[in-house]
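Colleague: Could we go through this complex together? I should like to begin with the annotation and then turn to the interface.

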Amino acid sequence: MATVHVNPTRMELTRLKKKLVTAIRGHKLLKDKRDELMRRFLDLVRENKALREKVEQGIAAANRNFVLARSVMSDEVLNVALMAPKQEVTLEMETQNVMSVEIPKYHYKTRTSDANDIYSYGYAFTSGDLDSAVKSLSDLLPDMLRLAECEKACQLLAAEIEKTRRRVNALEHVMIPEMQDSIRYITMKLDENERSTQIRLMKVKDMMLEQAHHYKEKMQ
Amino acid sequence: MYKIAVMGDRDSVYGFAALGLDVYPAAEPAQAAKTLRRLAESGYAVIYITEALADALEPEVDRYRAQRVPAIILIPGVSGNTGAGMAHVRKSVEQAVGSDIIFNDENEKSR
């Protein structure tokens, strides 16, 4: 049954037994890790879904506003209006460790603190629709960043869960049964060897006694 | 210090310029793939990309899935929501759980 060839020696047996204990312990730990990762993942993915719905709706609304704005303004005016943005957004990234998966946390900073700096144009030549379009996008920005954070975390966790699940399954269905088989094979082989040694000794003893006392001749 | 980029067809992305995000209008997939790769290596932590463009760049986008930086996030373009963004979330669920348990109800509803 032992698919992998092992030396049926006592040393190999001890080694395998130790390995089996480690494997079982590792299996238990990995299973716990997988369960906890899964719990976190499900929470996150639900949040991700809700956020995505919200952001997609928000962007659709903003896009409607932009289309409206475009319809009353010429392309040149629009280009000029948005050519030189006053505001600038930068990100600080922290990482948070979730079960040894590093997931990002973003903090965004705007270059100027004035909320009105998103309007990079004088109001004389642009339509009011452009203002509301820009405003609706700007209101959406925190949610969009949260979405980015959430979605990246989901992707990273999903990859880690897949890896962990494979390891758990490999241990559970391949490594551990194989080791148990090997151990059984070695114990049986060793027992068999011991029995045969004992039989041989008994036989030798019989033969020696026979030589010394000549039982067979006396019986005749 | 990281930055945020927005990629997509010009009409879908120019509004983000006003907010101070870096806008990279791109229509042609081959050119966009190059831009995406360049952005990913030059300090952009979040790259928003329209669903239409992401569709054409599928392998490029997938390459960054398992990496911590950058996060490539799909947003609907001006031509409407194609559902590709949600499909990406669903893909994560399938990868992690083995089958889709979050979006099940919706699939049944849409059938």
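**Annotation and interface**

Modeller: In the unreviewed UniProt entry, residues 147-174 of chain A are annotated as "coiled-coil region"; such annotations may be inferred rather than shown by experiment. This is a predicted model, in which local features need pLDDT (the predictor's confidence in each residue, from 0 to 100) of at least 70, side-chain atom pairs count only at pLDDT 80 or more, and totals for chains, interfaces and linings use all residues. Residues are numbered from 1 along each chain as its sequence is written, chains are lettered from A in the order in which they are written, and side-chain values use heavy atoms, without hydrogens and water.

Colleague: How far apart are the end C-alpha atoms of residues 147-174 of chain A?

Modeller: They lie 39 Å apart, and the span is 100% helix and 0% strand (helices are DSSP runs of H or I, at least four residues; strands are runs of E, at least two).

Colleague: Where is confidence lowest in chain B?

Modeller: In helix α6 (residues 104-110) of chain B, at a mean of 55. Where pLDDT is low, the predicted coordinates should not be read in detail. The average for chain B is 82.

Colleague: How many residues does each chain bring to the contact?

Modeller: Chain A brings 48 and chain B 49, with contact meaning heavy atoms within 4.5 Å.

Colleague: And how many salt bridges cross the interface?

Modeller: Zero between chain A and chain B, where the rule asks for a side-chain nitrogen of Lys or Arg within 4 Å of a carboxyl oxygen of Asp or Glu.
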